Structure formats: structure tokens, C-alpha cells
Amino acid sequence: SKDIRTINQDFGSRHILTHEMFKETPINLGNMNKVFCSQWLSDRQVVFGTKCNKLMVYDVVTHSLDQIPSLISTRDAHGGDQQQCGIHSVQINPSRTLLATGARNTCDIAIYRLPTLDPICIGENAHRDWVFDMCWLDDQFLVSGSRDTKMSLWQVTPDMIDEKQEIPSYRHMTALALKECRNAQKVRALTFNKGFKEIAALSLNGYIHVWSAETFRQKLSRKLPSAQENVCLAVQENGLY
């Protein structure tokens, strides 16, 4: 009989760490001001947003940096109050065909096509303060949370995606719904719990809020043990936050 041997699944990770094969590689970003958010686009490209309102793509192989043009909302084009306070969130939909992030005005959201990063549409005239985070519910529906204590529901319809439009033109969309998050003070982070069909929101006054993703209605709020630096939120596969 043959001797059957197994390898511990953690062996590779432990080998890399114990032999110091995994090291940080600092990247010089020049005069850019702080990276607020990032996502892997592929095994070699990272997209990130900065405090100085730049949306950048970095190639880890060629070390090249490319800037993606920001989308301008109607209120900015008409000389409105331009709030440029950083891109705080970058989120990719489940099929990895769309990327949602901040627009030139920090109160608006921008949608780009993947993998080309061509502009699709800008979501505007909903939030009156900075958009801190977003989460995709599926390939069409997106929720955003803001410092104005409100949450917006958006839909990127198939006609927006399939429409043959000249680059760099893009559509302007309005929110399907805009609702206040009760007991919240500045919505800071969002995540979608697919198993329970819930949206969880974290506010800076130390509360976690649960919304129904199907009805877009708030179900409950709970005070957290600590109100210090509550700025991020994640969900496990078993549905625990």
C-alpha cells in the first residue's frame, strides 16, 4: 500500500513568514496626500483613492501610476459648492464589471466600467455631506453612507451599462431612495450581509445599525462597547459582524 501524506494548508504561509520572504515594499506617491481606500483590480493592478481627491491605478510590475479622471456632477458644473475632501471608498460589484467610488465632489458617487475604467454615470443630488462608504447589494444596486447621517440606494440599470456613449461622456443618475439612519451620527462604514440580506452601518457615535436590503428600511440600532475610532466594518461568511 502507498503511504499517503498530507501537507498542512498553513505550511506555505508559515514558510513565507518565518523565512522573511514576505516584506513590505514602500511606493513613492510623490506629493499625493494620504491613501484613504484601495482595491485589487487584478493580480498586478491596484486602484486607490486619496485625500487630495485623486483616483489612481498602480501597476506593481511596471511601477507605473495612472490617474483616472474624476466625474463632475451637475451642481459642480453650475458653480455649486464644491466639496473636495478625498475619495473615501472604492467598491467593486460581485461580477467585477463595475467600480463605485467618489466623484470630484465628495458628496457624489462615480461609477466606472471594468476593466477599462471608462465612466458610466455619476450619482448626485442626494447627500449634503461627504460620502464615507458604499456597498454593492448585487451587480446593479448600491448603497452609500454619508457624514450627513443619511443612506442612499442607487441602481445602475442595464441601459446605462450597454449604452454606446462617447468617452468621456457619462450619465447622471439620482438615488432611488434617501433615508436618515436613526440614532446615527455620521455614517462611517457599510457592509452587506448576503446571508441575512442585511446592510450593516457603523456610525461615529459608536452605534451599529442594521437595515433590510430587500425593503431598505432600518431594523435596529445597538450601542457598541467602545466609541473610539469606529471607522471600519466587515462581515464573516457565517454572518457575524
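How many of the eight residues of helix α1 (residues 11-18) are buried? Select the helix to begin the tour. The count of buried residues in α1 is zero, and the helix is hardly covered. Just after α1, look at E20, where phi is positive at about 50°.

**Confidence**

This is a predicted model, so colour the chain by pLDDT next. The average over the protein chain is 89, and 92% of the residues score at least 70. Select helix α2 (residues 74-77) and then β5: confidence is lowest in α2, with a mean of 75, and highest in β5, at 98. Where pLDDT is low, the predicted coordinates should not be read in detail.

**A first hairpin**

Select residues 55-59 and 65-68, which are strands β3 and β4. The two strands run antiparallel and are joined by four bridges. To see one of the pairings, show L55, whose bridge partner in β4 is I68. Five residues lie between the strands of this hairpin, and in the turn H63 has a positive phi of about 65°.

**Strand β15 and its neighbours**

Move on to strand β15 (residues 198-203). Is β15 enclosed or open, and how many of its residues are buried? Six of its six residues are buried, so the strand is largely enclosed by the rest of the structure. In a regular strand the side chains alternate between the two faces of the sheet. Turn on the side chains of β15: E198, A200 and L202 point one way, while I199, A201 and S203 point the other way, and all are buried.

Now add β14 (187-193). β14 and β15 run antiparallel and are joined by six bridges. Across from A200 in β15 stands T191. The β14-β15 hairpin has four residues between its strands, and K197 takes a positive phi near 55° there.

Then add β16 (residues 207-212), which pairs with β15 in the antiparallel sense over six bridges. V210 in β16 stands opposite A200. Three residues separate the strands of the β15-β16 hairpin, where G206 takes a positive phi near 85°.

**The largest pocket**

Keep T191 on screen and add Q91, W136, F192 and V235. These five lie nearest the centre of the largest pocket, which is lined by 23 residues. The elements giving two or more residues to this lining are β5 (90-92), β9 (131-136) and β14 (187-193). The pocket holds about 400 Å³ of space. Its lining is made up of 10 nonpolar, nine polar and four charged residues.

**The second largest pocket**

Select I27, L29, V35, S38, Q39, W40, V46, F48, Y58 and V60, which line the second largest pocket. β1 (35-40) and β2 (45-50) are the elements that each give two or more residues to this lining, and β1 gives the most, with four residues. The volume is about 230 Å³. Eight of the lining residues are nonpolar, two are polar and none is charged.

**Two cysteines**

Last, show C135 and C181. Why do these cysteines not form a bond with each other? Their sulfurs are 12 Å apart, which is too far for a bond. The structure holds zero disulfides. Both cysteines can be checked for exposure: C135 is buried, with a relative accessible area of 6%, and C181 also counts as buried, at 1% relative accessibility.

Key:
Residues are numbered from 1 along each chain as its sequence is written. This is a predicted model: local features need pLDDT of at least 70, side-chain atom pairs count only at pLDDT 80 or more; totals for chains, interfaces and linings use all residues. Side-chain values use heavy atoms; hydrogens and water are left out. On a 1 Å grid over the protein atoms alone, a cavity is a set of points where a 1.4 Å probe fits but cannot get out, and a pocket is an open set with protein on both sides within 12 Å along at least five of seven lines; lining residues have an atom within 4 Å of a point. Grid points are joined across faces, edges and corners, and a volume is the space filled by probe spheres set on the points. Ala, Val, Leu, Ile, Met, Phe, Trp, Tyr, Cys and Pro count as nonpolar, Asp, Glu, Lys and Arg as charged, and the others, Gly among them, as polar. Two strands pair if DSSP finds at least two bridges between them. pLDDT is the predictor's confidence in each residue, from 0 to 100. A disulfide is a pair of cysteine sulfur atoms within 2.5 Å. Buried means under 20% relative accessible area, exposed over 50%, partly exposed in between (1.4 Å probe, protein chains only).
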